[in-house]
Number of protein chains: 2
Amino acid sequence: MDGPDRLLTATKRRELVDAVLGRFFSLARTRAAALGPDYVELWEALEANTVGGKRFRPRLVFSAYTALGGCDDEAAANVGAAFELLHTALIVHDDVIDRDFVRRGSPNISGTYRDRAVRRGASGADAEHQGISAAVIAGDLALFNAYRLIDRSGVADDVRSALLDLLDEAMFASAAGELIDVDLAGAPEVPKVDDILWMERLKTAVYSFEGPLQAGAVLAGAAPTVVAALGEFGREMGIAYQIVDDVLGVFGAEEETGKTTIGDLREGKRTVLIAYADSTPQWGAVAHLFGDPELCEEDAGRLRGALIDGGAREFAEGLARYYANRALARLAEPHIPTALRAELHPIADAVLSRVR
Amino acid sequence: MDGPDRLLTATKRRELVDAVLGRFFSLARTRAAALGPDYVELWEALEANTVGGKRFRPRLVFSAYTALGGCDDEAAANVGAAFELLHTALIVHDDVIDRDFVRRGSPNISGTYRDRAVRRGASGADAEHQGISAAVIAGDLALFNAYRLIDRSGVADDVRSALLDLLDEAMFASAAGELIDVDLAGAPEVPKVDDILWMERLKTAVYSFEGPLQAGAVLAGAAPTVVAALGEFGREMGIAYQIVDDVLGVFGAEEETGKTTIGDLREGKRTVLIAYADSTPQWGAVAHLFGDPELCEEDAGRLRGALIDGGAREFAEGLARYYANRALARLAEPHIPTALRAELHPIADAVLSRVR
């Protein structure tokens, strides 16, 4: 498929997914109206936290589905929307766990409701708590309805059951990863590289890569070997993506990533970069600056310098390339249809292009 | 059905529900073991917070189901277990929202993980936050799997779909009620009686009474008029139950309720009692004591005295009787089968017997 056609297809797929989510939220708002305007507002906040994303997971569902011969775009859009809603649920609750009130520069649900409570006269801690409470409720609604979107997608019984198994696996893994993340963040010592990779795979890669790709394949009626290979590809790719994401969180161009490159350093976020750096002498000299919420740009520069000089950046980028190449190797296996290979290769390329 | 037979039936039903939940948790622990011992521990904590309850909701499912001629006890046990797991999810997250670390005298999930973090050297606020984080994750798992238990119960397609609609309604209403509860708790003025009844109906009565009763009826293939009447009965009954619960929270015998009668007064819990009392002169003289976390027994006695003297207790008990009688009136309607009437009458009687 050449450039403009691909773009056209991507736009059309996105519109289909947005339409599914639009109908879902419209129905929910109508139902909520019977229970009062405040409940409608909560649904609106949840919708605002769902729209506007890159629809990354639905795109993976579509990629696997169409490359494997699927042609019921409506069904694929439903399944994609379910993974998108699962994503919303998980980040809304992740923000509760991280006590974050902002995501990508805008107030998230906790932030929206905290600010609302402040306007109504609540004090700082109480307002934060009201914000977090609303986010717990909103995340529950998104989580429950992720299941519901697949359940009501109208696909055949055995397919529905297999799709729900995948959604279940994704949720099960993500909860395990989130628990490990809480544990690692609270541990006195810096975790090992392997522990971080394991956590990131469970917390994010399964529901963002493995699940959507396998769901697309299952929906297309693909052979079990193909579904399994897509799981492997998704796992390697997802880990590569996470490592790149952590590298860009410190070294990325803010206009590209939409995130500051000082946030992770101020927060003391323990990534593969830091796990590696922890064993280097360069890091030892500046480690006391790491995690300082008031960290200035100059000291952030010293931390970045230590990550470069100690080889942490190079190591992380090499590791990301390693996982992306392993992912590509899975695509080269003989039972992978050519169309699927052509569809997924650019995804690996895109990840690789984000590291030097 | 006479006394001993009824007891035997109740025990058998309970064992069936416990068996479903036992198998569910056993499978989850086995799956979790592949992801590490900490994850198994979280599942164990979730199981500990699920077992030992009164299995109130499963009992209602069975009551409606068997009285309406259903005889697949295994299917009813699955549906009952789903409502029980939904209940676990909602109370685990409710405890997050209420910042409670104890339920019925034992540490809940937040409490268990807070204490664990303290043993590992975390400070007070950080330990509390680790506890709350674990509870957010555990509640998500319970919520997701409530859906799953019905989905995998093996019932016919149209029945499954109708049951999932009921679970959806229950979740949808409970989230709305929880949101109103957060709002009412944060509002400067004491809410009106109607607002509290509305909140309690949404937050608890729908998923605890209406949902389980209607699910039992749907599973038994009952006529829509019967399903609707059970919804009405459940609604009136659920509201009556909540009012009684609030009265007993202040005036109950602790050995019976398992709750202290000072907790609600210390917490400043806004119930129908307080909403009524707020307009009485007796309350005005002592209202400053209400919500004092250090409230002593003597002052608690003064608050109770004002609730009695101002007529709040009598009003609340009368209101509970009113709703219970309305519920009974629904049972008297001609399209309600005799067996169903016989099965549900004792439930209303039990609620009525708890008020003077």
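**Exercise 1. Ser63(A) and its surroundings**

Locate Ser63(A) in the secondary structure of this predicted model, decide whether the residue is buried or exposed, and find which residues it contacts outside its own stretch of sequence.

*Solution.* The starting point is the secondary structure, where Ser63(A) falls within helix 3 of chain A, a helix made of residues 56-67. The next step is accessibility: the relative accessible area of Ser63(A) is 6%, and since buried means under 20%, Ser63(A) counts as buried. Once neighbours within four places in sequence are set aside, the contacts of Ser63(A) are Arg13(A), Leu340(A), Glu343(A) and Leu344(A). As a last step, a distance to Thr204(A) can be taken: Ser63(A) and Thr204(A) are separated by 141 residues in sequence and by 19 Å in space, C-alpha to C-alpha.

**Exercise 2. Glu47 in helix 2**

Determine where Glu47(A) lies and what it touches, and then list which residues of helix 2 of chain B are buried.

*Solution.* In chain A, Glu47(A) belongs to helix 2, residues 37-48. Its relative accessible area is 17%, and Glu47(A) is therefore buried under the 20% cut-off. Not counting residues up to four places away in sequence, Glu47(A) touches Phe25(A) and Arg29(A). Turning to chain B, helix 2 (residues 37-48) has 12 residues and spans 16 Å from its first C-alpha to its last, close to the 16 Å expected at 1.5 Å a residue. The buried residues of this helix in chain B are Tyr39(B), Val40(B), Leu42(B), Trp43(B), Ala45(B), Leu46(B) and Glu47(B).

**Exercise 3. Aromatic pairs in chain B**

State how many aromatic pairs there are over all chains, and classify the pair of Phe209(B) and Tyr241(B) and that of Tyr322(B) and Tyr323(B).

*Solution.* Over all chains, the count comes to 27 aromatic pairs. For Phe209(B) and Tyr241(B), the ring centres are 5.4 Å apart and the planes make an angle of 55 degrees, which gives a tilted pair. Phe209(B) is in helix 8 (residues 193-219) of chain B and Tyr241(B) in helix 9 (residues 224-251) of chain B, so this pair ties together parts that are 32 residues apart in sequence. Phe209(B) is buried at a relative accessible area of 2%, and Tyr241(B) is buried at 15%. For Tyr322(B) and Tyr323(B), the centres are 5.3 Å apart with 70 degrees between the planes, and the pair is edge-to-face. Here Tyr322(B) is partly exposed, with a relative accessible area of 44%, whereas Tyr323(B), at 14%, counts as buried.

**Exercise 4. Rings and charges across the chains**

Identify which residues form one aromatic cluster with Phe172(B), and find which ring face Arg31(B) lies over.

*Solution.* The cluster joins Phe24(A), Phe25(A), Tyr39(A) and Trp43(A) with Phe172(B). Arg31(B) is placed over the face of Phe172(A), at 4.0 Å from the ring centre. Within chain A, Arg313(A) lies over the face of Phe251(A), at 4.3 Å from the ring centre.

**Exercise 5. Chain A as a whole**

Compare the radius of gyration of chain A with that of a compact globule, and describe its fold in numbers.

*Solution.* Chain A has 16 helices and two strands. For 356 residues, a compact globule would have a radius of gyration near 21 Å, and the 21 Å of chain A agrees with this. Its C-alpha atoms fill a box of roughly 60 × 60 × 35 Å along the principal axes, and 58% of its 356 residues count as buried. Finally, among contacts in chain A between residues at least 6 apart in sequence, 71% join residues at least 24 apart.

Notes. Residues are numbered from 1 along each chain as its sequence is written. Chains are lettered from A and ligands numbered from 1 in the order in which they are written. This is a predicted model: local features need pLDDT of at least 70, side-chain atom pairs count only at pLDDT 80 or more; totals for chains, interfaces and linings use all residues. Side-chain values use heavy atoms; hydrogens and water are left out. Rings of Phe, Tyr and Trp (its six-membered ring) pair if their centres lie within 6.5 Å; planes under 30 degrees apart count as stacked, over 60 as edge-to-face and the rest as tilted. Helices (H or I, at least four residues) and strands (E, at least two) are DSSP runs, numbered from the N terminus. Buried means under 20% relative accessible area, exposed over 50%, partly exposed in between (1.4 Å probe, protein chains only). A charge sits over a ring if NZ of Lys or CZ of Arg is within 6 Å of the ring centre and within 35 degrees of the ring normal. The expected span of a helix is 1.5 Å times one less than its number of residues. The radius of gyration is taken over C-alpha atoms; the globule rule is 2.2 Å times the number of residues to the power 0.38. Contact means heavy atoms within 4.5 Å.
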